[in-house]
Number of protein chains: 2
Amino acid sequence: MDISQSGFSSPEGVEDSFYAAFSNCDSKAMEILWADDEVICVHPGSQGIVGYEAVMRSWAYILDGAEMPAIQVNVVKRTVSDTLAVHVVEEHISTGESSSAVMLATNVYRKYDAHWLMVEHHASVSQMQAEAHTLQ
Amino acid sequence: MDISQSGFSSPEGVEDSFYAAFSNCDSKAMEILWADDEVICVHPGSQGIVGYEAVMRSWAYILDGAEMPAIQVNVVKRTVSDTLAVHVVEEHISTGESSSAVMLATNVYRKYDAHWLMVEHHASVSQMQAEAHTLQ
């Protein structure tokens, strides 16, 4: 990945693109917003995945061919320095009408030269809800 | 809390004190290493707790009177700027001989004037193991 090709001028820009890629099940879009570095991703209930290639494989496994979820993101807290930003967000994720979950995620962004890229995503289940289908 | 009373000159110093307080079940020691600010704590499987007072109540609830766990911490990754540090660590936690778990935690530290304090702890279960006691 050529970092200079990425045009994220703010952590918020990376975050918007991250959730767009996630909700569109677009693993190719996911590839351009992570730093090509020792990034780390913790999917809910899993061990940490370290390194750009391994993290991209995990997203391709999750997203490719999956049903596109609806994701609503509420920012809980942002902590920012000149070159590092930590966002804690609630992810309200629903797939079809049958299930929904609330995840808590810590997203970390780092500034490389003029551009921001994602370096960590740590998500954990905050609340899970599965509704049975009925005919009425 | 008077931040100036705290003497943590590095994120590592805060982290060492955090895990000492955790493993000693010492909620009073926990009180002096968090920033008196809109801090956030995500205990495994729970929703985010926001604000110094609420976070301290959660630690008192967890630690006061509890059996002291053995905690081994392995640093997975540190990402640091001048005033913000993000550490991802594996916490190997065991209580007695009956159960052990591996948690993945993102710990965030912020520099206030000359001193570092904790502003976020986000822990999630990575691996859980419970061993049945036998007589042999």
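Select the interface of chain B and chain A: nine residue pairs are in polar contact across this boundary, both residues at pLDDT 80 or more. A polar contact is a pair of N or O atoms within 3.5 Å; within protein, one must be able to donate a hydrogen and the other to accept it, and residues adjacent in sequence count only if both atoms are side-chain atoms. The structure is a predicted model, in which local features need pLDDT of at least 70, side-chain atom pairs count only at pLDDT 80 or more, and totals for chains, interfaces and linings use all residues. Residues are numbered from 1 along each chain as its sequence is written, chains are lettered from A and ligands numbered from 1 in the order in which they are written, and side-chain values use heavy atoms, with hydrogens and water left out.

**The interface**

Colour the strands of chain B next. β1 (40-42), β2 (48-50), β3 (70-80), β4 (84-95), β5 (99-112) and β6 (115-130) each supply at least two residues of the side that touches chain A; strands here are DSSP runs (E, at least two residues) and helices are runs of H or I with at least four, numbered from the N terminus. With six residues, β6(B) gives the most to this side. By type, the side of chain B that touches chain A holds twelve nonpolar, twelve polar and four charged residues. Here Ala, Val, Leu, Ile, Met, Phe, Trp, Tyr, Cys and Pro count as nonpolar, Asp, Glu, Lys and Arg as charged, and the others, Gly among them, as polar.

In total, 28 residues of chain B are in contact (heavy atoms within 4.5 Å) with 28 residues of chain A. The area buried between the two chains is about 2,200 Å², and carbon and sulfur atoms give 61% of it; buried area is the accessible area (1.4 Å probe) that two parts lose on being put together, summed over both. Select B:Lys77, B:Leu84 and B:His122, which lose the most area to chain A, together 20% of what the chain B side buries.

**Salt bridges**

How many salt bridges lie between chain B and chain A? The count is zero, although a search of the whole structure finds four over all chains. A salt bridge is a side-chain nitrogen of Lys or Arg within 4 Å of a carboxyl oxygen of Asp or Glu.

Select B:Glu12 and B:Arg78, whose salt bridge has its closest N and O atoms 3.4 Å apart. The pair links distant parts of the chain, as B:Glu12 is in helix α1 and B:Arg78 in strand β3, 66 residues apart. B:Glu12 is partly exposed, at 29% relative accessible area; buried means under 20%, exposed over 50%, and partly exposed in between (1.4 Å probe, protein chains only).

Move to A:Lys28 and A:Glu31, a salt bridge at 3.6 Å. Both lie in helix α2 (residues 27-31) of chain A, three residues apart, about one turn of the helix.

**Two loops and a helix**

Select B:Cys25, in the loop between α1 (11-23) and α2 (27-31) of chain B. Its phi is near 50°, a positive value in a residue other than glycine. Most residues other than glycine have a negative phi. B:Cys25 is buried, at 14% relative accessible area.

Turn to B:Asp113, in the loop between β5 and β6 of chain B. Phi of B:Asp113 is also near 50°, but B:Asp113 counts as exposed, at 78%.

Finish at B:Ser58 in helix α3 (residues 52-63) of chain B. B:Ser58 is buried, at 11%.
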